[in-house]
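Visitor: I'd like to go through this model with you and ask how each label is earned. Can we start with one helix and work outwards?

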Amino acid sequence: MRAERTTGPAGPAAGDEGAPKSRRFPSVTRDTARPEGGGRAAPGDAPAPARQWPMLSVLGATAAGLLTTALGQARVGCLIIGVALIAAAVMRRVLPSVGMLAVRSRFTDLLTYGALGVAITLLALVMEPRPWVHIPFLETAVRFTVR
């Protein structure tokens with residue numbers, strides 16, 4: 001007697017070629033999908049740094065911001081880092097292929113890069129002493145939490 005193969009909740013049993021495909025995700029994944037826009041940012045015959053120019057530009061700006069911060073200009077350095085992350089979000093949205101700058105899905109990358117960039121930029125603008133931007137409820141919130 002032969003046992004019949006059935007389709008389980010994860011789709012057809014392994015080895016079933018003629019069975020209809022299920023739209024459900026498999027219960028066990030065997031590979032990772034490439035993020036949208038994760039291809040090369042330049043043609044394949046270009047040298048390696050040129051193929052990854054979006055990531056290298058963001059890393060270069062971040063390194064410049066860290067160096068500026070280390071040299072005693074914390075506000076300017078943080079602004080450079082925040083603007084670099086906002087530029088990463090813009091590149092991720094505008095460019096069809098951004099190389100290694102694409103880590104997750106396009107929406108998640110936009111949300112992550114944009115939120116971190118805006119947060120770091122705003123923190124740099126309200127940094128003491130002599131903040132460039134005054135947020136009225138911020139002093140009250142700090143007094144309430146720190147006391």
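Guide: Sure. This is a predicted model, and a good place to begin is α4, where Arg 106, Asp 109, Tyr 113, Gly 114, Gly 117, Thr 121, Ala 124 and Leu 125 are buried.

Visitor: What makes the buried residues of α4 a single face of the helix?

Guide: Look down the axis of α4: its buried residues fall within an arc of 110°, so they line one face. Turned away from that buried side are the exposed residues Phe 107, Leu 111 and Leu 123. As for what covers the buried residues, that includes α3.

Visitor: How do you know that the length of α4 fits a helix at 1.5 Å a residue?

Guide: The expected span is 1.5 Å times one less than the number of residues. For the 20 residues of α4 that gives 28 Å, and the distance from first C-alpha to last is close to it, at 28 Å.

Visitor: Why is Thr 121 called buried?

Guide: The cut-off for buried is under 20% relative accessible area. Thr 121 has 15%, so it counts as buried. Thr 121 sits in helix α4, residues 106–125. Leaving out neighbours within four places in sequence, Thr 121 is in contact with Leu 79, Gly 82, Val 83 and Ile 86.

Visitor: Now the charged residues. What makes Arg 92 and Asp 109 a salt bridge?

Guide: In general, side chains of opposite charge can pair when their charged atoms come close. The test here asks for a side-chain nitrogen of Lys or Arg within 4 Å of a carboxyl oxygen of Asp or Glu. The Arg 92 and Asp 109 side chains meet at 2.8 Å, N to O, so the pair passes that test. It links distant parts of the chain, with Arg 92 in helix α3 and Asp 109 in helix α4, 17 residues apart.

Visitor: Are those two partners buried or exposed?

Guide: Buried. Arg 92 has 0% relative accessibility, so it counts as buried. Asp 109 is also at 0%, and therefore counts as buried.

Visitor: What makes this a network of salt bridges?

Guide: Asp 109 also forms a salt bridge with Arg 104, where the closest N and O atoms are 3.7 Å apart. That value is within the 4 Å limit, so this pair qualifies as well. Arg 92, Arg 104 and Asp 109 are thus linked in a network. A search of the whole structure finds 2 salt bridges.

Visitor: Why is Arg 104 called partly exposed?

Guide: Partly exposed lies between the buried cut-off, under 20%, and the exposed one, over 50%. Arg 104 is at 31%, so it counts as partly exposed.

Visitor: Let's move to α2. How do you know that its length agrees with the expected span?

Guide: Helix α2, residues 53–70, has 18 residues, which should span 26 Å at 1.5 Å a residue. Its end C-alpha atoms are 25 Å apart, which agrees. The buried residues of α2 are Pro 54, Val 58, Gly 65 and Thr 68.

Visitor: What puts those buried residues on the same side of α2?

Guide: They cover an arc of only 90° around the axis, which puts them on the same side. They pack against α3. The face turned away carries the exposed residues Leu 66, Leu 67 and Ala 70. After α2 comes Gly 72, with a positive phi near 105°.

Visitor: Which residues make up the largest nonpolar core?

Guide: There are 9: Val 58, Leu 85, Ala 88, Ala 89, Met 91, Val 98, Leu 101, Ala 102 and Tyr 113. Helix α3, residues 74–94, gives the largest share, 4 residues.

Visitor: One from a loop, then. Why is Val 126 called buried?

Guide: Val 126 has a relative accessible area of 16%, and buried means under 20%, so the label holds. Val 126 lies in the loop between α4 and α5. Not counting residues up to four places away in sequence, Val 126 touches Pro 131, Val 133, Ile 135 and Leu 138.

Visitor: And the chain overall: how many helices and strands are there?

Guide: The chain has 5 helices and 0 strands. Of its 147 residues, 24% count as buried.

Conventions
Residues numbered from 1 in each chain as written. Predicted model: local features only at pLDDT ≥ 70, side-chain atom pairs only at ≥ 80, totals over all residues. Heavy atoms only, no water. Helix = DSSP H or I, 4+ residues; strand = E, 2+ residues; numbered from the N terminus. Buried < 20%, exposed > 50% of the residue type's maximum accessible area, 1.4 Å probe, protein only. Contact = heavy atoms within 4.5 Å. Core = buried A, V, L, I, M, F, W, Y, C linked by side-chain atoms within 4.5 Å. Arc of directions from axis to C-beta.
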